[in-house]
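Hi there,

Here is the structure I promised to send over. Please have a look at it first, and then read on for my notes.

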Amino acid sequence: MIKKILVANRGEIAVRIVRACSEMGIKSVAIYTDADRHALHVKKADEAYNIGSDPVQGYLNAHNIVNLAVAAGCDALHPGYGFLSENPVLSEICAKRGIKFIGPGPEVIAQMGDKIQARNAMIAAGIPCVPGSDGNLADVEEARKLAGKIGYPVMLKATNGGGGRGIRRCNDEKELLANYERVISEASKAFGKPEVFMEKCVVNPRHIEVQILADSQGSAIHLFERDCSIQRRNQKLIEIAPSPQLTQAQRDYIGNLAVKAAKAVGYENAGTVEFLLDQDNNFYFMEMNTRLQVEHTVTETITGIDIVQEQIRIADGMPLQYKQSEVQFRGFAMEYRINAEDPKNGFLPSFGKITRYYAPGGPGVRIDAAMYSGYVIPPYYDSMCAKLTVWALDWPGVIERGRRALSDMVVYGVKTTIPYYQEIMKHPEFRSGRFNTSFVESHPELVNYAIQFPPELMAAAISAAIAAHEGI
Ligand code: ADP
Ligand code: ADP
Ligand code: MG
């Protein structure tokens, strides 16, 4: 039985995992760099250990982290998302050192982390994929020939990519030639590997992904889909479960397809199979993420299933607690990634001190945050400082609840994406429940909201005006 878990991550996801541990009577161990001394996950875990002064490398040193897990008496390790979560080396070292890795084995992580291997495995299993390369592109000449065969527009994608980086759309040969070296350079910088491949670009698709759970006995189920079409530069901003754009028949089809995909690669633990849905309602496999996902909260909210607790049970060798027919969902859930960014300034990160923070509350509201009043957001990490998840019985209801909760949520000191999301909630296209991945790009005017002054600044401005008027 797992009794103590090392959480190999930081921020809101580390806090999320600590909470699951606490509810299961499992001890949690946090790790932190110097820059994260005052981070919330350090305060919430049962124990916390400093892993050095380098703000990023600390969280990427698999040997160090597993040594620490052993020394602290942990029997398992949860990788969260980002950092080492999709690095097969961590899973492998854990196995060697007798630490249960809360995720799949190294072979499946390596196979799915390589988007070409993943595509080829899916094609072999009869899962529909968009036309594309069957290997890495050797040079720009091969890219040009393949694009001619597939037909423009095409996508150049980093083979080992993630987090929406290293992806470029090419509308014609000129753009392909211009983008080829750029994608290689992005892939080398972001992922340490220069490999790129090509896929047909699905024009104005919906991003539909399916959450799956698979145990070590070979059973697999799905927990329905999430609609992550509201994206900026291939990065998700708002996620919804279930998708307001699917019929029940499409839902059943895609759920079963995801389970088939998971079984085809002998998947174990929680995972997500991502698909694109084109304008003619064809689904295509895009990639599989072999980890807990940022937006798992919307699935938890509609199904009532705690995905992190399920991950821990599966890693402990237990069979799935639910049959497919026992998994139900109710209503709609919507999650907003609250990023410390300035939408009016090209979504430039806005790091610094949170001078005041009031969490939203009331019916149907969940907050997963990494911040508190007085917290200084370090500049080294992701700009996401909280996730707001809301639930309501129907689609209009969840929009209104989201709008209300966003206005309840007050963050002073840094700019956030909150006012931008409020504009999206008002937009008729979004409200109609029919939108695709080009929504954000095709509505640049949504950043033109009026800036609301924090009341404290307003009060100071009024006093100053009165003082000036009275000549004090
Ligand atoms: P999700 O896939 O869970 O919806 P993201 O794609 O936004 O979420 O990824 C979550 C975090 O993990 C982000 O900080 C992102 O930069 C990071 N990340 C995702 N994939 C990779 C990768 N292959 N390499 C490095 N970081 C990654
Ligand atoms: P990552 O690993 O960075 O999450 P994905 O392969 O999941 O990369 O793609 C991220 C996003 O890029 C998708 O959600 C989608 O909006 C867009 N995208 C990727 N491939 C295609 C494609 N072939 N056609 C159209 N859009 C795509
Ligand atoms: Mg993806």
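Let me begin with residues 119-316, a span that is 35% helix and 30% strand, with its end C-alpha atoms 30 Å apart. UniProt, in an unreviewed entry, gives these residues the feature "domain: ATP-grasp". Please keep in mind that this is a predicted model. The same kind of record, again unreviewed, places "domain: Biotin carboxylation" at residues 1-445. Over residues 1-445 the chain is 34% helix and 26% strand, and the end C-alpha atoms lie 54 Å from each other.

**Ligand 2**

Which residues come closest to ligand 2? They are Lys115, Gly164, His207, Gln231 and Glu287, out of 20 residues that surround the ligand. Several side chains make polar contacts with oxygen atoms of ligand 2. For Lys115, the distance from a side-chain N or O atom to a ligand oxygen is 2.7 Å. His207 also has a side-chain N or O atom 2.7 Å from an oxygen of ligand 2, and for Lys157 the corresponding distance is 2.8 Å. The protein buries 95% of the 550 Å² that ligand 2 exposes when taken alone. As for where the shell comes from, the elements that give it two or more residues are β6, β8 (196-200), β12 and β13. By class, the shell around ligand 2 consists of six nonpolar, eight polar and six charged residues.

**The magnesium ion**

Ligand 3 is a magnesium ion, and its protein donors are Glu274 (OE) and Glu287 (OE), at 1.9 to 2.1 Å. Glu274 belongs to strand β12 (residues 269-277) and Glu287 to strand β13 (residues 283-289), so the pair ties together parts that are 13 residues apart in sequence. Both Glu274 and Glu287 are buried. You will have met Glu287 already, since it is listed among the closest residues to ligand 2.

**Ligand 1**

Around ligand 1 there are 17 residues, and the closest are Arg291, Gln293, Glu295, Arg337 and Asp382. A side-chain N or O atom of Glu295 is 2.6 Å from an oxygen atom of ligand 1. Arg337 has a polar side-chain atom 2.8 Å from a ligand 1 oxygen, and for Lys236 that distance is 2.9 Å. How much of ligand 1 does the protein cover? On its own the ligand has 550 Å² of accessible area, and 79% of that is covered. The shell of ligand 1 is made up of three nonpolar, seven polar and seven charged residues.

**Backbone details to check**

Before you set anything up, here are some backbone features that you may want to look at. As background, most residues other than glycine have a negative phi, and most peptide bonds are trans.

Where are the cis peptide bonds that I noted? One runs from Tyr152 to Pro153, with omega near -5 degrees. Pro153 sits in the loop between α7 (140-150) and β6 (154-158). Another joins Ala241 and Pro242, with omega about -15 degrees. Pro242 is in the loop between β11 (235-241) and α9 (248-264).

Positive phi values turn up as well. Asn269, which is not a glycine, has a phi near 90 degrees. Asn269 lies in strand β12, and with a relative accessible area of 1% this residue is buried. Phe347 is a further non-glycine residue with a positive phi, about 60 degrees. Phe347 is placed in the loop between β15 (341-342) and β16 (348-349). Is Phe347 buried or exposed? Its relative accessibility is 8%, so Phe347 counts as buried.

**Asp306**

Finally, a look at Asp306, which is in the loop between α10 (296-303) and α11 (307-315). The side chain of Asp306 makes a polar contact of 2.8 Å with the side chain of Arg16. A polar atom of the Asp306 side chain also lies 3.1 Å from the backbone nitrogen of Val308.

That is what I have for now. Happy to talk any of this through.

Best wishes

Note on methods: Residues numbered from 1 in each chain as written. Chains lettered and ligands numbered in written order. Predicted model: local features only at pLDDT ≥ 70, side-chain atom pairs only at ≥ 80, totals over all residues. Heavy atoms only, no water. Near = heavy atom within 4 Å. Polar contact = N/O pair within 3.5 Å; in protein donor to acceptor, adjacent residues only side chain to side chain. Areas by Shrake-Rupley, 256 points an atom, 1.4 Å probe, with all protein chains shown as cover. Nonpolar A, V, L, I, M, F, W, Y, C, P; charged D, E, K, R; others polar. UniProt positions renumbered as here; feature names shortened; annotations may be inferred. Helix = DSSP H or I, 4+ residues; strand = E, 2+ residues; numbered from the N terminus. Donors = N, O, S within 2.8 Å, 3.2 Å for Na, K, Ca; no water. Buried < 20%, exposed > 50% of the residue type's maximum accessible area, 1.4 Å probe, protein only.
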